[in-house]
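Reader: I would like a close look at a single part of this model, with its surroundings described in plain terms. Please take it step by step.

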Amino acid sequence: ADLSQRMNQRVVDMVTAAATAPGSAPERLSEVVHARVGWVYDLLHRGPFGHELINEKHRICGGHILATNDRFQRLLADLVVGITGQRDNADTTARLITRALNGVLEDATSREQAEADVSHLLDLLIHGLGRQSGTAPA
């Protein structure tokens, strides 16, 4: 239990630092998400047993991870408000971001793929389909 609390606290500290760092709301959203899933990147980099290690970490952390996820979603909702200027649907958007991240990370087979896919997802969320990096608005 002590190990799981330390693991979760480390993630919370990194996310909090990213959320309070200087920068625009979209920049902070991106940094917060990468900070939240950074430990997943680290485990995926460790080879074929990365997913098993991630599942075991979730099992060990139990209720700690649920509380951390709730805090993460509230933080995401606040950042969404910072980007859109509206509270409407911010909680739903935060929940969908979390679900999308979980799906991306579950399917990733390498650190590089996970980081690239998360970055692409964030680009879509922040800039929309019509303004993806490298494309001109229609």
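Which residues does Leu101 touch, not counting residues up to four places away in sequence?

Author: In this predicted model, Leu101 touches Val33, Phe72, Val118 and Leu121, leaving aside residues up to four places away in sequence. To place these contacts, it helps to start with the chain.

The protein chain has six helices and zero strands, so that its elements, read from the N terminus, run α-α-α-α-α-α. Of its 138 residues, 33% count as buried. Among contacts with a separation of 6 or more, 55% join residues 24 or more positions apart. The accessible surface comes to about 8,200 Å², and carbon and sulfur atoms account for 53% of that.

Leu101 is also one of the residues with the most contacts inside the largest nonpolar core, a set of 29 residues. The others named for this are Val32, Val33, Phe72, Leu76, Leu105 and Val118. At least two residues of this core come from each of helix 1 (2–20), helix 2, helix 4, helix 5 and helix 6. Helix 2 gives the largest share, nine residues. In soluble globular proteins, nonpolar side chains tend to be buried together.

Two of the contacts of Leu101, Val118 and Leu121, are among the buried residues of helix 6, along with Ala114, Leu122 and Asp123. Helix 6 covers residues 111–127, and its 17 residues reach 24 Å from the first C-alpha to the last, close to the 24 Å expected at 1.5 Å a residue. An α-helix has 3.6 residues a turn, so residues three or four places apart point the same way. Ala114, Val118, Leu121 and Leu122 are on the list of buried residues in helix 6. Just after helix 6, Gly128 takes a positive phi of about 85°.

Val118 also connects this part to helix 2. Tyr41, which lies in helix 2, touches Val118 as well as His34, Leu105, Arg111, Ala114 and Glu115, again not counting residues up to four places away in sequence. Tyr41 counts as buried because its relative accessible area is 3%, and the limit for that class is under 20%. Tyr41 and Leu105 are 64 residues apart in sequence, yet their C-alpha atoms are 8.5 Å apart in space.

His34 is found in helix 2 as well, which spans residues 25–44. With the same exclusion of residues up to four places away, His34 touches Tyr41, Glu115, Val118, Ser119 and Leu122. His34 also counts as buried, because its relative accessibility is 19%, against the limit of under 20%. Val118 is thus touched by Leu101, by Tyr41 and by His34.

A contrasting site is Asn89, in the loop between helix 4 (63–84) and helix 5 (90–107). Asn89 is exposed, with a relative accessible area of 58%. Asn89 has a positive phi of about 65° although it is not a glycine.

As for confidence, the chain averages a pLDDT of 81, and 75% of the residues score at least 70. Helix 6 has the highest mean, 90, while helix 3 (residues 50–61) has the lowest, 65. Where pLDDT is low, the predicted coordinates should not be read in detail.

Key
Residues are numbered from 1 along each chain as its sequence is written. This is a predicted model: local features need pLDDT of at least 70, side-chain atom pairs count only at pLDDT 80 or more; totals for chains, interfaces and linings use all residues. Side-chain values use heavy atoms; hydrogens and water are left out. Helices (H or I, at least four residues) and strands (E, at least two) are DSSP runs, numbered from the N terminus. Buried means under 20% relative accessible area, exposed over 50%, partly exposed in between (1.4 Å probe, protein chains only). Contact means heavy atoms within 4.5 Å. Accessible areas come from the Shrake-Rupley method with a 1.4 Å probe; for residues, only the protein chains shown count as cover. The expected span of a helix is 1.5 Å times one less than its number of residues. pLDDT is the predictor's confidence in each residue, from 0 to 100. A nonpolar core is a set of buried Ala, Val, Leu, Ile, Met, Phe, Trp, Tyr and Cys residues joined through side-chain atoms within 4.5 Å.
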